[in-house]
Amino acid sequence: VPLGKLGCFDEHGIFPMNVVRHGDAILGYTCGWSRRASVSVDTAIGLTVSHDNGLTFERIGQGPVLAASLHEPFLVGDAFVKVVGEIFHMWYIFGTAWKRYAPDMPPDRTYKIGHAISTDGVNWIKEEARQIISDRLGEEESQALPSVVRIGESYHMFFCYRHSVDFRTNSSRAYRIGHAVSEDL
């Protein structure tokens, strides 16, 4: 998938995608990056479609299918989509804060995992700013990369989480694997 056009949400980078087979198509949800001046990056979720069993993907448009909003003002990304019955469920991250922890350091971000639903995989309804996974490390915990599988009658989410500051050089504050269970998605 080529980078987005000048000024688009994915102009400066695209994270690997989450793919979902739906009918004769494969939907590929991407995480697009764009650079900012005051902070390093902003992200949003795009959609590509394959009609050749995943050999090639094409964007459905230049804009995102899920992006910043009134109560989730930045860093929407890391989509994981699963179709259950006739409903598309998306688990994704949304930013809650950018904070400068030291005067000589760039701001670091905090983000949480949220949930949205759709009937077509394109138009989404968010549970606006509702963090669905409780913090284990405190309010300044970042959570990311949710993946959901059904085991028996329960849904299990595997994700990663870390401290929002000093995680790059201090291994005790780095990413960990998390697990959560739900009966109702």
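Which strand does L145 lie in? The close-ups below lead to strand 9. Everything shown comes from a predicted model, where local features need pLDDT of at least 70, side-chain atom pairs count only at pLDDT 80 or more, and totals for chains, interfaces and linings use all residues. Residues are numbered from 1 along each chain as its sequence is written, and side-chain values use heavy atoms, with hydrogens and water left out.

**View 1. An open sheet of three strands, in the order 9-10-11.** Strands here are DSSP runs of E with at least two residues, numbered from the N terminus. Their pairing is antiparallel; two strands pair if DSSP finds at least two bridges between them. Strand 9 (141-151) and strand 11 (176-182) form the edges, each pairing on one side only.

**View 2. Strand 10 beside strand 11.** Seven bridges join strand 10 (residues 154-163) to strand 11 in the antiparallel sense. Look for C160, which stands opposite I177 in strand 11.

**View 3. L145 in strand 9.** Here is the residue from the opening question: L145 lies in strand 9. Its phi is near 50°, a positive value in a residue other than glycine. L145 is exposed, with a relative accessible area of 51% (exposed means over 50%, buried under 20%, partly exposed in between, with a 1.4 Å probe and protein chains only).

**View 4. L75 in a loop.** This loop runs between strand 4 (58-59) and strand 5 (77-84). L75 has a phi near 55°, again a positive value in a residue other than glycine. L75 counts as buried because its relative accessibility is 3%.

Note on methods: Helix = DSSP H or I, 4+ residues; strand = E, 2+ residues; numbered from the N terminus.
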